[in-house]
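Here is a friendly walk through a protein model, starting from the inside and working out to the charged pairs. Keep the structure open beside you as you read.

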Amino acid sequence: MAQQEDVFKKLVSHCKEYGFVFPSSEIYDGLGAVYDYGQNGVELKNNIKKYWWDSMTLMNENVVGIDSAIFMHPTIWKASGHVDAFNDPLIDNKDSKKRYRADVLIEEQIAKFEDKINKETEKAAKRFGDAFDEKQFRETNPRVLENQAKIDELHARFAKALNDNDLADLRQIILDYEIVCPVSGTRNWTEVRQFNLMFATEMGSTADGALKVYLRPETAQGIFVNFLNVQKSGRMKIPFGIAQIGKAFRNEIVARQFIFRMREFEQMEMQFFVRPGEELEWFAKWKETRLKWHKALGLGDTKYRYHDHEKLAHYANAATDIEFEMPFGFKEVEGIHSRTDFDLSSHEQYSGKKIQYFDPELNKSYVPYVIETSIGVDRMFLSIMAGSYCEETLEGGDIRVVLKLPPALAPVKLAVLPLVKKDGLPEKAREIMDNLKFNFNCQYDEKDTVGKRYRRQDAIGTPYCVTVDYDSLNDNCVTIRYRDTMEQERVPVAELENIISDKVSMKNLLKQIAKL
Ligand code: GAP
C-alpha cells in the first residue's frame with residue numbers, strides 16, 4: 001500500500017514537472033481541488049475528448065451532440081432534485097475546527113474492520129503456507145467472524161440512517177463507534193447538517209430581481225431540457241442519443257486525491273432515449289459498449305471492472321460503475337444508469353410543457369426512458385496517466401521514466417532531433433517537421449545529448465523520435481526510435497508519414513472498439 005502511495009505521489013509530481021497538470025492559482029498558494037492543465041495535459045485531455053466524442057457521434061448514426069450553457073433556469077435544479085437532495089452530511093470537530101463528511105467517517109470505520117480481517121488472513125496465509133485455504137479461514141476463524149459481524153451490523157445501521165435521512169443517528173453512530181477526529185484525536189463533535197453541493201451565484205443586478213442561479217453540477221440536465229429541440233430539429237427517431245462534453249461544478253467537501261475529486265471538472269455524458277420497457281436491454285448494450293471503449297486503449301483488461309449498484313437511486317432501475325485500478329485502489333471512472341422517465345417527466349411537471357415523443361410505429365405518444373453514460377474527463381485522464389506511468393531499470397542501472405500512453409492520445413506523436421546543431425542538420429530536421437506537422441503533433445528538440453532528449457520525450461509519452469544525422473543529408477534516411485521497446489531502425493524520410501500515421505490515428509483506435 002505504501003508503495004502504491006509512493007507511485008501516486010510520483011505521478012502527481014510528474015504531472016507538474018512535465019506540463020500535464022498544475023495546481024490552480026499556484027503563486028497564490030493554490031485553490032482547493034481546482035487544477036489547471038498545462039501544455040501537454042491539454043493535448044492529452046483534448047485527445048481523450050475527441051476519442052469519446054467520435055466514438056459516440058461517428059460510430060453511432062443515432063447519436064448527436066450538443067453544447068448547452070452552464071447557467072440554466074434555476075427551476076431545472078428543483079425538477080432534477082438537486083436543490084433538495086444533492087447534499088452531503090457534514091460534521092465538525094469542535095476542537096480541531098475541521099469539517100468532515102459523516103458518511104466518509106463511518107465508511108472509514110468499516111474499512112478499519114475490513115483491514116483487521118485482511119491482516120488476520122495475511123498472517124494465517126504466511127503461517128500455513130501452501131496448505132492455506134483462504135475461503136475456509138474467512139468462514140470459520142472466530143476473529144474474522146467477529147469483525148465481519150461488526151461490519152454487517154454497522155453497515156445495516158448506516159444504510160438505514162442514510163436512506164431515512166436520519167442525521168441524528170448518523171451522529172450517534174459516530175459517537176457509538178468512538179470515531180475520533182484524525183487531527184485533534186477527540187470525540188467532540190457537532191450535530192450533522194446537510195450541505196448542498198451546488199455553487200450558487202446571482203444573475204442580473206444585485207438590487208431586487210436578481211435571479212439565484214447555479215453552476216451546473218452535471219451536464220445531463222442541459223440534454224434533458226433540449227430533448228424536444230434536438231428531436232424535432234434533427235427529426236430523430238427513438239432510439240437515439242444526445243452527447244455533450246462540458247464543465248460541471250460541485251462544492252466537494254472531501255476533495256482529495258488530486259484530479260480524482262475536483263470542485264471544477266469536466267464530464268462527457270450521453271443520454272440515450274428509448275421506448276419504455278426496452279430500457280434494460282439498452283442498459284446492457286451500453287454497459288458492454290462503454291467497457292470496450294475503455295479496453296480498446298490497451299492499458300490492460302484486468303485494470304477495469306464493473307461495480308453493479310445494489311442500492312439504486314429512487315429514479316433508477318439499474319446502475320453500474322466502470323472502475324479503474326488507480327494507485328489508491330479500484331475507483332469509479334464512469335457511471336451507466338437506467339434513469340427511467342424520471343428527468344423528462346419531472347421537467348414536464350415543473351415546466352408545464354409536454355415533453356413526449358410520438359412513436360409512429362406504436363401510433364402513440366410517451367415520455368421516453370433514458371440510459372445515461374456519464375464519465376469524468378479528469379478521472380479518465382488520471383486513469384490513463386496511472387495506467388501508462390512506468391519506471392524501468394535499464395542495463396547499467398539507470399532508471400527510465402516512461403509514459404506508455406496509447407499513441408492516439410499522446411500529446412506529441414513525433415520528436416525530430418538533429419544530432420548536432422550545425423552543418424545543415426537543423427535545417428534538414430525542420431524540413432521533415434514542416435512536411436509532417438499537418439498530419440500530427442511534432443516537436444523539434446536540439447538541446448542536450450540525444451540520450452537526454454529521448455528521456456524527455458519518454459517522460460511525456462511521445463511514441464516516436466527520429467534522429468537526423470550526417471548520413472541523412474545524403475541518403476534521406478533517419479533513425480526512428482520506438483518509445484516502448486527503445487528499438488531503433490533506419491527508415492527513409494518518405495516513409496515516416498505512413499509508419500507513424502497508422503499507429504497514432506484516432507480512426508484505428510476507434511476501429512479497435514469494434515473489433516473487441
Ligand atoms: N449525470 C450523472 C452524474 O453526474 P455522477 O456519478 O455524479 O453522475 C459522473 O458523475 C462522473 O463524473 C463520475 O463517474 C466521475 O467520473 C465524474 N465526477 C463526478 N464528480 C466528480 C468530481 N468531483 N471530480 C472529478 N470528477 C467527478
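Let's begin with the largest nonpolar core, which has 62 residues. Those with the most contacts inside this core are Phe20, Tyr51, Trp52, Phe381, Leu382 and Leu409. Helix H13 (residues 377-388) supplies the largest share of the core, seven residues. Please bear in mind that this is a predicted model.

Trp52 is a good place to zoom in. Setting aside neighbours within four places in sequence, Trp52 is in contact with Ala243, Gln244, Ile245, Met268, Glu269, Met270, Arg290, Trp293 and Ile375. Apart from the largest core lies another one, of 24 residues, with Ile117, Phe132, Phe158 and Trp189 among them. As background, nonpolar side chains in soluble globular proteins tend to be buried together.

Some nonpolar side chains are found at the surface, though: Phe71, Met203 and Leu211 make a nonpolar surface patch of about 250 Å². Leu211 is found in strand E8 (residues 211-214). Is Leu211 buried or exposed? Leu211 is partly exposed, because its relative accessible area is 38%, and buried would mean under 20%.

Now for the charged side chains. The structure holds 42 salt bridges, and three of them are set out here.

| Salt bridge | N to O distance |
|---|---|
| Glu391 and Lys10 | 3.2 Å |
| Arg275 and Glu361 | 3.2 Å |
| Asp308 and Lys287 | 3.1 Å |

Take Glu391 and Lys10: Glu391 lies in strand E17 (residues 389-393) and Lys10 in helix H1 (residues 2-17), so the pair ties together parts that are 381 residues apart in sequence. Glu391 counts as partly exposed at 38% relative accessibility, and Lys10 counts as partly exposed at 33%.

The salt bridge of Arg275 and Glu361 joins two loops. Arg275 is in the loop between strand E10 (264-274) and helix H11 (279-295), while Glu361 is in the loop between strand E14 (357-359) and strand E15 (364-366), so this pair ties together parts 86 residues apart in sequence. Arg275 counts as buried at 18% relative accessibility, whereas Glu361 counts as exposed at 68%.

Asp308, in strand E11 (residues 304-308), and Lys287, in helix H11, link distant parts of the chain, 21 residues apart. Here Asp308 is partly exposed, with a relative accessible area of 41%, but Lys287 is buried, at 16%.

Which residues are linked in a network of salt bridges? They are Glu392, Arg400, Lys404, Arg455, Asp458 and Arg481.

Notes
Residues are numbered from 1 along each chain as its sequence is written. This is a predicted model: local features need pLDDT of at least 70, side-chain atom pairs count only at pLDDT 80 or more; totals for chains, interfaces and linings use all residues. Side-chain values use heavy atoms; hydrogens and water are left out. A nonpolar core is a set of buried Ala, Val, Leu, Ile, Met, Phe, Trp, Tyr and Cys residues joined through side-chain atoms within 4.5 Å. Buried means under 20% relative accessible area, exposed over 50%, partly exposed in between (1.4 Å probe, protein chains only). Helices (H or I, at least four residues) and strands (E, at least two) are DSSP runs, numbered from the N terminus. Contact means heavy atoms within 4.5 Å. Patches are made of residues with over 30% relative accessible area and no salt bridge: like charges are joined within 9 Å, nonpolar side chains (Val, Leu, Ile, Met, Phe, Trp, Tyr) within 5 Å. Accessible areas come from the Shrake-Rupley method with a 1.4 Å probe; for residues, only the protein chains shown count as cover. A salt bridge is a side-chain nitrogen of Lys or Arg within 4 Å of a carboxyl oxygen of Asp or Glu.
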